[in-house]
Amino acid sequence: MKNKFFTNKLVCFANFVPAAQIRRLRKGMVIKMTTIKTIETHSPEETRAFGERIGREARPGQVYTLIGDLGVGKTVFTQGVAAGLDISGPVNSPTFTILQVYEEGRLPFYHFDVYRIADVEEMEEIGCEDCFYGQGVCLVEWADRIRDVLPEHYIEITIEKDLQKGLDYRRITMTQGGYL
């Protein structure tokens with residue numbers, strides 16, 4: 001079943017409006033980002049624990065985007081989110097498969113790693129709309145590469161290192177993102 005795309009005040013149904021047309025409608029639109037929370041962690045365990053808290057508080061249909069350099073702790077954070085969703089199996093970054101689906105938790109968990117996406121149309125081929133607008137929780141690593149296909153509202157999580165504060169120091173910033 002296809003779900004709705006919301007573009008500004010225009011409502012488009014994926015069954016009738018091609019995603020490429022929706023991207024054209026969004027071109028030039030402003031994305032508003034409002035900071036929700038910034039926290040600092042000092043170990044991988046603290047980063048994972050914060051991810052676990054996010055997973056426990058996640059609601060059906062929630063989309064999180066995850067931004068950060070290689071080796072910053074995105075996978076550790078994601079493993080925490082999965083634990084917070086009561087997913088007990090191993091969780092690894094789906095770098096080559098793009099999408100890993102976990103259905104055994106309290107909500108379905110759709111984990112995307114779009115680092116290797118060359119064109120946003122590849123996201124349509126793997127059925128991102130069904131995940132973004134479904135009843136599970138989505139987490140999209142490297143989401144800045146596919147902003148054109150993200151839903152109207154999402155929570156962006158940026159993880160940054162500051163080596164002057166220590167090798168394990170991370171600043172994690174959550175912002176509410178969406179199109180105006």
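Two strands count as paired if DSSP finds at least two bridges between them. Helices (H or I, at least four residues) and strands (E, at least two) are DSSP runs, numbered from the N terminus.

**View 1. The hairpin of S5 and S6.** Strands S5 (residues 99–102) and S6 (residues 109–113) run antiparallel, joined by 4 bridges. Look for Tyr102, which sits opposite Phe109 in S6. The hairpin gets from S5 to S6 through 6 residues.

This is a predicted model, where local features need pLDDT (the predictor's confidence in each residue, from 0 to 100) of at least 70 and side-chain atom pairs count only at 80 or more, while totals for chains, interfaces and linings use all residues. Residues are numbered from 1 along each chain as its sequence is written, and side-chain values use heavy atoms, with hydrogens and water left out.

**View 2. Around Tyr64.** Beyond four places in sequence, Tyr64 is in contact (heavy atoms within 4.5 Å) with Ile54, Ala58, Val137, Cys138, Leu139, Val140, Ile155 and Ile157.

**View 3. Cysteines without a partner.** There are 0 disulfides here, a disulfide being a pair of cysteine sulfur atoms within 2.5 Å. The closest cysteine sulfur to that of Cys128 belongs to Cys131, but at 7.6 Å it is too far for a bond. For Cys138 the closest is again in Cys131, at 5.2 Å, also too far. Cys138 is buried at 0% relative accessible area, and Cys128 is buried at 2%; buried means under 20% (1.4 Å probe, protein chains only).

**View 4. The low-confidence start.** Over residues 1–26 pLDDT stays under 50. The chain averages 81, with 79% of the residues scoring at least 70.

How values were computed. Buried < 20%, exposed > 50% of the residue type's maximum accessible area, 1.4 Å probe, protein only.
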